[in-house]
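Thank you all for coming; I would like to use these few minutes to walk through one chain, with its sequence and fold on the screen. Please keep the picture in view while I talk.

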Amino acid sequence: MIPRLAGAVSPPPATTGGAVRVRVESKPAGAHVWINGQERGETPLDVSLKPGSARVVLVRAGYLTHQATLEVRQGAAVEVTLKSVAPP
């Protein structure tokens with residue numbers, strides 16, 4: 001079984017040093033990506049992570065913050081549709 005938070009993305013290739021490449025995507029694109037407390041860039045994004053558990057947070061103005069725990073291994077991917085926040 002291939003671990004995924006949501007959606008279907010083809011498996012990224014493995015990287016050297018025991019790390020694997022993980023694709024992070026959001027709809028809409030341009031969300032800030034935080035992994036294990038470190039800002040890593042904006043979606044869409046490919047990152048190299050060590051196998052194991054990783055805390056993924058996606059933040060974009062006007063949308064609810066998305067938080068999830070990802071089990072990092074070959075083929076892992078994050079694809080999230082962010083929910084907009086209604087104006088007050």
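Before I come to the hairpin, let me say that strands here are DSSP runs of E, at least two residues in length, numbered from the N terminus, and that two of them pair if DSSP finds at least two bridges between them. I should also say at once that this is a predicted model.

With that in mind, look at strand S5, residues 52-59, and strand S6, residues 66-72, which run antiparallel and are joined by 7 bridges. These two strands form a hairpin with 6 residues between them, and in the turn Gly62 has a positive phi of about 85°. Within this pairing, Val57 stands opposite Gln67 in S6.

S5 also pairs with strand S2, residues 32-35, again in the antiparallel sense, over 4 bridges, and here Ile35 stands opposite Val56 in S5. If we leave aside neighbours within four places in sequence, Ile35 is in contact with Arg40, Val47, Leu49, Ala54, Arg55 and Val56.

Ile35 brings me to the interior, since the largest nonpolar core has 18 residues, and Ile35 is among those that touch the most other members, together with Val22, Val24, Leu58, Leu70 and Val72. At least two residues of this core come from each of S1, S2, S4, S5, S6 and S7. In soluble globular proteins, nonpolar side chains tend to be buried together.

Now to the backbone, where I would ask you to look at some less common geometry. Most residues other than glycine have a negative phi, and most peptide bonds are trans. Asn36, which is not a glycine, nevertheless has a positive phi of about 50°; Asn36 lies in the loop between S2 and S3, and is partly exposed, with a relative accessible area of 48%. A cis peptide bond joins Lys27 and Pro28, with omega about 0°, and Pro28 is found in the loop between S1 and S2. Another cis bond joins Thr43 and Pro44, with omega about -5°, Pro44 being in the loop between S3 and S4.

Finally, a word on confidence: the mean pLDDT of the chain is 84, and 81% of its residues reach 70 or more. Among the elements, S2 has the highest mean, 97, and S7 the lowest, 91. By contrast, pLDDT is below 50 over residues 1-5, a stretch with 16 contacts in the model beyond near neighbours in sequence, and it stays under 50 over residues 7-16, for which the model has 21 contacts beyond four places in sequence.

Terms used:
Residues are numbered from 1 along each chain as its sequence is written. This is a predicted model: local features need pLDDT of at least 70, side-chain atom pairs count only at pLDDT 80 or more; totals for chains, interfaces and linings use all residues. Side-chain values use heavy atoms; hydrogens and water are left out. A nonpolar core is a set of buried Ala, Val, Leu, Ile, Met, Phe, Trp, Tyr and Cys residues joined through side-chain atoms within 4.5 Å. Buried means under 20% relative accessible area, exposed over 50%, partly exposed in between (1.4 Å probe, protein chains only). Contact means heavy atoms within 4.5 Å. pLDDT is the predictor's confidence in each residue, from 0 to 100.
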